[in-house]
Amino acid sequence: MLTILTQQELITRLLEILKSTSLPFETLQNMASAAFNKNLYTDMVPFFHVEPNGYTVRIHERGVLIREWHTEQVEEVLYVLLEQLIYESAYLYLMDKYKADSPTSRLLFTPEIKKEVRETIDEAFTRIGGVFDEWHRAGKQFL
């Protein structure tokens, strides 16, 4: 029988996984909840729906649905969430690190910064381990 986790169960499981990373946990908590916020459709950011027969992920641009994906596999949903949250959190971490979080100071994607973002993301997945790290290393894409 197929077991579908509730939204709260998904968030709880996701946060348990993310605790093993060195990324700022408070930021990750806020971002995890936002991924299910029905009142917030950020351009090009996956939005997750829990349904009786699985999970649907939708991506909007300027209010228009541009991509939709459905799965019954909770690991796939968690991986897509992890990819999104870890990337965003790594970027925010580097913005803070380089004091590039104001209207007058931006984080430029120089080759060095791109390398540091990639290393931060890779380290997070290494700490998580298991199938999520395997999929990350293999460049697995579900969306």
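Helix α1 passes helix α3 in a right-handed crossing. Keep in mind that this is a predicted model. Everything below is read from that prediction.

Start with the helices. Two packed helices are described by the angle between their axes and the distance between the axes. Take α1 and α3 in those terms. Helix α1 covers residues 7-18. Its axis and the axis of α3 come within 11 Å. The two axes cross at roughly 55 degrees. That angle makes α1 oblique to α3.

Now follow α3 to another partner, helix α5. Helix α5 spans residues 130-138. The axes of α3 and α5 lie 10 Å apart. The packing angle is about 60 degrees. How do α3 and α5 stand to each other, then? They are oblique, because angles over 35 and under 65 degrees are neither roughly parallel nor roughly perpendicular. The crossing of α3 past α5 is right-handed.

Next, turn to the strands. Strands of a sheet pair through backbone hydrogen bonds, either parallel or antiparallel. Which kind of pairing appears in this sheet? The pairing is antiparallel. The sheet is open and has three strands, in the order β1-β2-β3. Strands β1 (47-51) and β3 are the edge strands, and each pairs on one side only. On average, neighbouring strands of this sheet are turned by 25 degrees against each other, direction ignored.

Walk across the sheet from β1. Strands β1 and β2 are paired in the antiparallel sense over five bridges. One bridge links Phe-47 with its partner in β2, Arg-58. The connection from β1 to β2 is a hairpin, made through two residues.

Step on to the other pair. Strand β2 holds residues 54-61, and strand β3 holds residues 64-71. Their antiparallel pairing runs over seven bridges. Two positions show how the strands face each other. Tyr-55 stands opposite Thr-71 in β3. Val-57 stands opposite Trp-69 in β3. The hairpin of β2 and β3 also has two residues between the strands. Look there for Arg-62, which takes a positive phi near 55 degrees.

Last comes the largest pocket. Its volume is about 370 Å³. Which residues are closest to its centre? They are Val-80, Glu-83, Gln-84, Tyr-87 and Gln-141, out of 19 residues that line the pocket. Which elements give two or more residues to this lining? They are α3 (74-97) and α4 (111-128). So we meet α3 again: the helix that packs with α5 also helps to line the largest pocket. What is the lining made of? Its residues divide into 11 nonpolar, four polar and four charged.

Key: Residues numbered from 1 in each chain as written. Predicted model: local features only at pLDDT ≥ 70, side-chain atom pairs only at ≥ 80, totals over all residues. Heavy atoms only, no water. Pairing = 2+ DSSP bridges. Helix = DSSP H or I, 4+ residues; strand = E, 2+ residues; numbered from the N terminus. 1 Å grid on protein atoms, 1.4 Å probe; cavity = no way out; pocket = protein on both sides within 12 Å on 5 of 7 lines; lining within 4 Å. Points joined across faces, edges and corners; volume = space filled by probe spheres on them. Nonpolar A, V, L, I, M, F, W, Y, C, P; charged D, E, K, R; others polar. Axes fitted to C-alpha atoms, helices over the stretch in contact; angles between N-to-C directions. Parallel < 35°, antiparallel > 145°, perpendicular 65-115°, else oblique. Left-handed = near helix turned anticlockwise from the far one by under 90°.
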